[in-house]
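Here are my notes for anyone opening this model for the first time. Have the 3D view up while you read, and take the points in order.

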Amino acid sequence: MKALMISSEEGIRLAKRVAAEQNCSRREAEALIVAGGVRVANQVVTDPARRVREEQTVLVNRLVSMAALAPMTLVLFKPAHRVANLAWLQDTAGLKAAQPGMWGPERLAKMQMPLPLAKPASGLCIFTDDVAVLRHLEDRRSPMEQEWMATVGGEVPERLIKALNGPGIRASINRQTDTLTVLRIAGKDIDGLELGRWLDEQCPLQDLRRQRVGRLGLAPLASGQWRQLEGYERF
């Protein structure tokens, strides 16, 4: 077995050796390494392409292994006028992980963002590497319902509420004062950028916040905060 693994005097790729020794796929081995679950000569190595020699000791932390192989979904409260991308995700969550050895910047860099949130809007933003979650949220045949809270200046005329209500969309007044009105808008396949532009043409739009996607709400997050979804939580 070892003769087959060694390809040169410089050794073989770490991912190949971990896959052979742990009897797992190359993809699983790379996930373990990126998560910080592999040590070479007692040093954590997160580069799957790192070459190791036969005499070097390679150890796998099985607790990290379990976390590395489990799909992960993060939800964040994006502030308004902040670009939601991987760089922002790493700035927000990458250096503040409760268990940094479980998932670091390398894994966060591979996350995808279904139902992206436009720069002017605030609210619920999702990043995931869970294929099932991605498929569910991006299924155009059955769009996920979203709930938005729009704060506009002044009182809202009845005609605007009637214009908002249509096939698959429900709009109502959530709260109203002399100076502002908060609208609750819920429906499937709502484009936040288009909704914001349309509302701003009707009356001064102060804030547009995505409050909910499917069954998952924004609470208890405050602006700029994030959390990892528990295994029992579903959209």
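1. Start with Val152, which stands opposite Leu205 in E11. That is one spot in a longer pairing: seven bridges join E8 to E11, and the two strands run antiparallel. Bear in mind throughout that this is a predicted model.

2. Now look at the pairing of E8 with E10. These two are antiparallel as well, with nine bridges between them. If you want a place to put your finger, try Thr151, whose bridge partner in E10 is Val182.

3. How much of E8 is buried? Nine of its nine residues are. It's worth turning the strand around to check both faces, as each is covered. On one side you'll find Glu145, Glu147, Met149, Thr151 and Gly153, and on the other Gln146, Trp148, Ala150 and Val152, all buried.

4. Charged side chains turn up on that covered strand, so to speak, with company. Glu145 forms a salt bridge with Arg212, and the closest N and O atoms are 2.9 Å apart. Glu145 sits in strand E8 and Arg212 in strand E11 (residues 205–213), so this contact links distant parts of the chain, 67 residues apart. Both partners are buried.

5. Glu147 also meets Arg212 in a salt bridge, at 2.9 Å from N to O. Because Glu147 belongs to E8 and Arg212 to E11, this pair ties together parts that are 65 residues apart in sequence. Why does Arg212 count as buried? Its relative accessibility is 16%, and the cut-off for buried is under 20%.

6. Glu147 has another partner, Arg184, with their side chains in a salt bridge of 3.5 Å, N to O. Arg184 is in strand E10 (residues 180–188) and Glu147 in E8, so here the tie is between parts 37 residues apart in sequence. Are the two partners buried or exposed? Glu147 counts as buried at 12% relative accessibility, whereas Arg184 is partly exposed, with a relative accessible area of 23%.

7. Put those pairs together and you get a network of salt bridges that links Glu145, Glu147, Arg170, Arg184 and Arg212. For context, a search of the whole structure finds 10 salt bridges.

8. Next, flip to the other face of E8 and find Gln146, a residue of that strand. Gln146 counts as buried because its relative accessibility is 4%. Which side chain does Gln146 contact? Its own side chain makes a polar contact with the side chain of Arg210, at 3.0 Å.

9. Gln146 leads us to a pocket. The second largest pocket holds about 290 Å³ of space. It is lined by 19 residues, and those closest to its centre are Leu115, Pro116, Gln146, Ile190 and Asp191. Strand E8 (145–153) and helix H9 (192–202) are the elements that give two or more residues to this lining.

10. What is the lining of the second largest pocket made of? Its residues divide into 11 nonpolar, two polar and six charged. When you go back to the view, follow E8 once more: this strand pairs with E10, pairs with E11 and contributes to the lining of the second largest pocket.

Technical notes: Residues are numbered from 1 along each chain as its sequence is written. This is a predicted model: local features need pLDDT of at least 70, side-chain atom pairs count only at pLDDT 80 or more; totals for chains, interfaces and linings use all residues. Side-chain values use heavy atoms; hydrogens and water are left out. On a 1 Å grid over the protein atoms alone, a cavity is a set of points where a 1.4 Å probe fits but cannot get out, and a pocket is an open set with protein on both sides within 12 Å along at least five of seven lines; lining residues have an atom within 4 Å of a point. Grid points are joined across faces, edges and corners, and a volume is the space filled by probe spheres set on the points. Helices (H or I, at least four residues) and strands (E, at least two) are DSSP runs, numbered from the N terminus. Ala, Val, Leu, Ile, Met, Phe, Trp, Tyr, Cys and Pro count as nonpolar, Asp, Glu, Lys and Arg as charged, and the others, Gly among them, as polar. A salt bridge is a side-chain nitrogen of Lys or Arg within 4 Å of a carboxyl oxygen of Asp or Glu. Buried means under 20% relative accessible area, exposed over 50%, partly exposed in between (1.4 Å probe, protein chains only). Two strands pair if DSSP finds at least two bridges between them. A polar contact is a pair of N or O atoms within 3.5 Å; within protein, one must be able to donate a hydrogen and the other to accept it, and residues adjacent in sequence count only if both atoms are side-chain atoms.
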